[in-house]
There are 2 protein chains.
Amino acid sequence: MENSKITPRTLPGFMELLPNEQILFNEMKETIRKSYEEFGFLPLDTPIIELSDVLLAKAGGETEKQIYRFEKGDTDLSLRFDLTVPLAKYVAMHYGELSFPFRRYQIGKVYRGERPQKGRFREFYQCDIDIIGDNELDILHDAEMPMVIYNTFKKLGFDDFTIRINNRKILNGLFESLKLSDPAEVLRIIDKLDKIGLEQVKECLSDINVTSNAINTIVDFISITGSNEEKISALKSLNINNEMFKCGVQELESVINTVKLFGMPEKNISVDLSIARGLDYYTGTVYETFLNDYRELGSVCSGGRYENLAEYYTDKKLPGVGISIGLTRLFYKLNELNAIKASRNSIAKVLVVSASSDISACVPISNAFREAGINTELFLSDKKIKAKFKYADKLNIPFVAVIGEDEIANNSVTLKNMKTGEQEQVTIEKAIDIINKY
Amino acid sequence: MENSKITPRTLPGFMELLPNEQILFNEMKETIRKSYEEFGFLPLDTPIIELSDVLLAKAGGETEKQIYRFEKGDTDLSLRFDLTVPLAKYVAMHYGELSFPFRRYQIGKVYRGERPQKGRFREFYQCDIDIIGDNELDILHDAEMPMVIYNTFKKLGFDDFTIRINNRKILNGLFESLKLSDPAEVLRIIDKLDKIGLEQVKECLSDINVTSNAINTIVDFISITGSNEEKISALKSLNINNEMFKCGVQELESVINTVKLFGMPEKNISVDLSIARGLDYYTGTVYETFLNDYRELGSVCSGGRYENLAEYYTDKKLPGVGISIGLTRLFYKLNELNAIKASRNSIAKVLVVSASSDISACVPISNAFREAGINTELFLSDKKIKAKFKYADKLNIPFVAVIGEDEIANNSVTLKNMKTGEQEQVTIEKAIDIINKY
């Protein structure tokens, strides 16, 4: 045996935390879960393994290459790469047993065999909510999503963040109305605006034979600035005579007004006509979320409206709207930046230790602490008192309760606050009170 | 598209619940987590995928056949089949960064490609705790495990359960002292005691040439009955002159005495000299737990003491003790038997609905409910009031708050208790009070 040890190692791209970091991670996850439940979303927990033909009904290209796919016996299996496809499967399977609008959250690991690099993970948590309608889904639900994002990031301890919102119908309708021969190329040119400037954009558009009328309209569109209301009214005054465009503007206006009605501060939501133009999946409202002090993270919560969740599985029309937080990457980046505000750094709030090797007197006190709702570790190894304190220190346990002859005689404990170093002999009731107030 | 739908389906042996069942499942999981944290166990979350050579360092035979193993690129990967091997890897890898005794819990999915049958799962949750010592681990920790089991099953709503406890050294030492030529065969014969009776056991032992002295000792041993104390004193009076036997008896006595000191009721713990004799992994104390009203479930929480957690990865000696609850099967069986006591059947505690299609007045009330800590769904689809009540009913939401003209005029809500059917117009503060008290 001695000569044939296997080197213990964890796969690259798979996050594995030390306990003190895991406590922070779990607290973030729990905060998100509670925020989702606050709005009445129902929990779901689908398998990590699915049949490949079910999971990959829609996938292709880049996605398919990243899939963990394998055979077990004769069965072609894949690990889920997001939580949306399993949701589509689930709703199509259980359509008759669900109540619509069906509001669910799911927090779970997904798998993508990306090239490993710093801050990118192959196994990562997604925290999703979606609302699925049966045949139709009121636009008001598009306004609820930013409220959940707002509530969640507030609860995570952030204040300065911006939810950017747009509606895909606006640009699609605009392009349709301009009868562009190569809208994809036009989009590529527009996207270079920040780099090359307005005059260059005009020239490039002219080079691919966009009419000067169309160029003028495009320039008016990409020059829109101002408050949310100003942007919407500028969109209206473009006078684009196209149904899709009008519908998009109307939906965006409705969502912005409703979000305001819901009580969202102006500073946290911003119409951004440039976002998420590339995504095929979304058909209406789209969202991205930026932490303004940590812009380098990119969008930390994205999502949008889709016309038909489960068209690959069912004829039922199931429109939906949803958002997703990529928790593993978010945690990794915030932790690296020391930007996580945690309410607790330890599991046990108190370590009960005996001044001697006899733990008898520690038992009823530990039990009393636990009954008072305090996570309590009773130190059971026979070590020197100094080693016991060191252990509490390393685990960030905020209090140590020492029980020795004196404490037993007085029916008390000596409670030490590990941060301040203060200690006093107090009754058990008093100790409970001090710990619970911490 | 229309003609090429893929049938949405979930793999056999993979549990996928409807939301109302998922709420119950999550509550059980959460209860177990909280119970583990009450005793100061630290959270861990290791990857589901590991390198095959790391994960299978020790596996073989049946286990290996059940593994989900596959290649991705050139890498030989496997899905974890338990949480103990990943723990061994973790402790060996992070030895220098951990504080010992290292107490961790992990609640996560594991994978075993068993032949699918009712109530057996290929993907299932294990809820584990382990305490790992550095070179040594005080026997007191063996007594802490039953306390955690006791606390956990009490919190899960059970009262009548028995933790059976034994120590492997006792039988091993006994057999060693008897210098049996085929101890495995002797064990097989003893295990048939309930079926064939004492006389037949004696005859069978005699048939394989066990000496009559040895037969007498074995018969004395398997005839031991009585209270825990009586069993231990009977073991002592066997006068077996073997170090391992004596050590096992002494450890068992110490654990039983300490568990008593910890406050465990006598009826919940029972020395059972017959349990877990087959398991190679454990070297000392072993536990099994039975719900006495649901004996057909078998042991719902098992575990024990092992001498060396990570010998395949490191020269460090890391003794440990741990237990595991197979939650998926436990939930499945209890749910089938209608034996789960849940504290909540819904996520939202109140559904806020507008009597008209205008939701404006519902918004501040929903916000007020949420601020008071009440999970609140604001119904946003424009449906008839009857449909809104039906929705609340199907989701088991206990209260509906209706806001119409009258309520707006009176700055109030009409709160309906969906169980009793009672409804009254009350202030928002009063509504919060009623809902919070529910």
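Here is a quick tour of how chains A and B fit together, plus a look at one bent helix, all from a predicted model.

**The pairing of the chains**

Start where the chains meet: 76 residues of chain B are in contact with 77 residues of chain A. On the chain B side, the top contributor is helix α1 (residues 19-38), which puts in six residues. Sorted by class, that side of chain B breaks down like this:

| Class | Residues of chain B touching chain A |
|---|---|
| Nonpolar | 37 residues |
| Charged | 23 residues |
| Polar | 16 residues |

How are the two copies related? Turn chain B by 180°, with 0.0 Å of shift along the axis, and it superposes on chain A with an RMSD of 0.1 Å. The two copies are therefore related as by a two-fold rotation axis. If you want to find that axis from chain B, look for B:Phe70: its C-alpha is the nearest one in the chain, at 3.0 Å from the axis. Both copies also use the same surface, since 100% of the contact residues of chain B recur in chain A.

**A bent helix in chain A**

Now over to helix α8 of chain A, residues 193-207. With 15 residues, a straight helix would span 21 Å at 1.5 Å a residue, yet α8 of chain A covers only 16 Å between its end C-alpha atoms. Where is the kink in α8(A) centred? Look at A:Glu199, where the helix kinks by about 75°. Past the end of α8(A) comes A:Asn209, which has a positive phi, near 65°.

How values were computed. Residues are numbered from 1 along each chain as its sequence is written. Chains are lettered from A and ligands numbered from 1 in the order in which they are written. This is a predicted model: local features need pLDDT of at least 70, side-chain atom pairs count only at pLDDT 80 or more; totals for chains, interfaces and linings use all residues. Two residues are in contact if their C-beta atoms, placed from the backbone, lie within 7 Å. Helices (H or I, at least four residues) and strands (E, at least two) are DSSP runs, numbered from the N terminus. Ala, Val, Leu, Ile, Met, Phe, Trp, Tyr, Cys and Pro count as nonpolar, Asp, Glu, Lys and Arg as charged, and the others, Gly among them, as polar. Copies are superposed by least squares on the C-alpha atoms of residues with pLDDT of at least 70 in both. The expected span of a helix is 1.5 Å times one less than its number of residues. The bend at a residue is the angle between axes fitted to the seven residues ending there and the seven starting there.
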